[in-house]
Amino acid sequence: MRAFKKRGALTHFQILSEISKQDPHLKQKDLAEKLGITIQAVSENIKTLIELGYITSKDGRSPYKITQSGIDKVKKDAISLRKYTDSVLETMNHYKTIWPAIAREKLSKDDIVGLFMEDGVLYAHKKEENATGVVLDDAEKDSDVALTNLTGLIDMNVGEVTVINVPTIKEGGSKSCDMELIKNVYDKGTNSGKEIDKIAIAGTVSRAVAKKLGLKIDIEYAAPQATANAARKGLNVLAICVGDMSKSFTRELENQKIKFNMIDGGK
């Protein structure tokens, strides 16, 4: 959630949101009470927002008015926040009162641990994270551990998907594939240059292509859905599919709002 990584960004968003309600009597005291911060903090943030051109004010005092630039800023940040919370809520819905995770170190009952996602896996360790939980029972390093009393938000980045469409068997199958191109796509990684984490296939020709290139197949059954789920957990996936099977991938990825790149793998 890049929009709120800079110090004070969330406070800026909150102040702009309150000012955008067009309350002409809104004062710094009112903002301080609503946001739970000091009047001095409100004053300093308003000064910054004026300098950035997001609000206007006479002599730095109310009434405050949000500019078009400020409105655009609020909309952009609100969309970013919504996408982030939707992603977190989807992950949270997969777990009940007791959460399973993998212990990154030896943990003891009642330890308060930090939680983080890595390569699509939820881990727990004793370092500070934005999300925390309480250990229910002793656990050795690399074993599963039961957690409860989860609080905070688990930081998650959505992965990218590269879909390579290969010829059907009637069109020549793997013999008609540009193997060098496919291998180069795998070696290069995603559009943003990130390494491919998982290989997905759909169709017999795709299996043959992966085998010829020495690529380990990670996802095969219900590949479009599994590919989207992997990307939602931060994994970058290369999906090789035959003919019209690519439509299932594009439809699923578009519905899940996951970035993807479509490449023709034929000669």
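## Report on a predicted structure

Asp30 is found in helix H2. The model that shows this residue is a predicted one. Asp30 counts as partly exposed because its relative accessible area is 28%, which lies between the limits of 20% for buried and 50% for exposed. Asp30 and Glu118 are separated by 88 residues in sequence, and their C-alpha atoms are 42 Å apart in space.

### Overall form

The protein contains eight helices and eleven strands. Its C-alpha trace spans about 75 × 50 × 25 Å along the principal axes. The radius of gyration is 24 Å, whereas a compact globule of 267 residues would have a value near 18 Å. Of the 267 residues in the protein, 40% are buried.

### Salt bridges

How many salt bridges does a search of the whole structure find? The search finds seven. Three of the pairs are described here, with the distance between nitrogen and oxygen in the table.

| Pair | N to O distance |
|---|---|
| Glu18 and Lys21 | 3.4 Å |
| Glu18 and Lys34 | 3.2 Å |
| Lys216 and Asp218 | 2.7 Å |

Glu18 appears in two of these rows, as a partner of Lys21 and as a partner of Lys34. Glu18, Lys21 and Lys34 are thus linked in a network of salt bridges. Glu18 counts as buried because its relative accessible area is 14%. Glu18 belongs to helix H1 (residues 9-19) and Lys34 to helix H2 (residues 28-35), so their salt bridge ties together parts that are 16 residues apart in sequence. Helix H2 also holds Asp30.

The two lysines of the network are exposed: Lys21 has a relative accessibility of 57%, and Lys34 has a relative accessible area of 53%. Both values are over the limit of 50% that defines an exposed residue.

In the pair of Lys216 and Asp218, the side chains meet in a salt bridge. Lys216 is exposed, at 60% relative accessibility, while Asp218 is partly exposed, with a relative accessible area of 29%.

### A patch of positive charge

Which residues gather in a patch of positive charge on the surface? They are Arg82, Lys83, Lys194, Lys257 and Lys259. Two members of the patch can be placed in more detail.

Lys194 sits in the loop that runs between helix H5 (179-188) and strand E9 (198-202). Lys194 counts as partly exposed because its relative accessibility is 42%.

Lys257 is in the loop between H8 and strand E11 (260-264). Its relative accessibility of 68% is why Lys257 counts as exposed. Lys257 also has a positive phi, of about 55 degrees, although it is not a glycine. Most residues other than glycine have a negative phi.

### Another positive phi

Asn149 is a further residue other than glycine with a positive phi, near 55 degrees. Where does Asn149 lie? Asn149 is part of strand E7 (residues 144-152). Asn149 counts as exposed because its relative accessibility is 53%.

### Helices H7 and H8

Helix H7 covers residues 223-232 and is mostly covered, with seven of its ten residues buried. The buried residues in H7 are Ala223, Pro224, Thr227, Ala228, Ala230, Ala231 and Arg232. An α-helix has 3.6 residues a turn, so residues three or four places apart point the same way. Just after H7 comes Gly234, which takes a positive phi of about 95 degrees.

Helix H8 is made up of residues 246-255, and Ser246 lies in it. Is Ser246 buried or exposed? Ser246 counts as buried because its relative accessibility is 11%, and the limit for a buried residue is under 20%. Ser246 and Ala101 are 145 residues apart in sequence, and the distance between their C-alpha atoms is 34 Å.

Definitions and conventions
Residues are numbered from 1 along each chain as its sequence is written. This is a predicted model: local features need pLDDT of at least 70, side-chain atom pairs count only at pLDDT 80 or more; totals for chains, interfaces and linings use all residues. Side-chain values use heavy atoms; hydrogens and water are left out. Patches are made of residues with over 30% relative accessible area and no salt bridge: like charges are joined within 9 Å, nonpolar side chains (Val, Leu, Ile, Met, Phe, Trp, Tyr) within 5 Å. Accessible areas come from the Shrake-Rupley method with a 1.4 Å probe; for residues, only the protein chains shown count as cover. A salt bridge is a side-chain nitrogen of Lys or Arg within 4 Å of a carboxyl oxygen of Asp or Glu. Lys and Arg count as positive and Asp and Glu as negative; His and the chain ends are not counted. The place of a charge is taken as NZ of Lys, CZ of Arg, CG of Asp or CD of Glu. Helices (H or I, at least four residues) and strands (E, at least two) are DSSP runs, numbered from the N terminus. Buried means under 20% relative accessible area, exposed over 50%, partly exposed in between (1.4 Å probe, protein chains only). The radius of gyration is taken over C-alpha atoms; the globule rule is 2.2 Å times the number of residues to the power 0.38.
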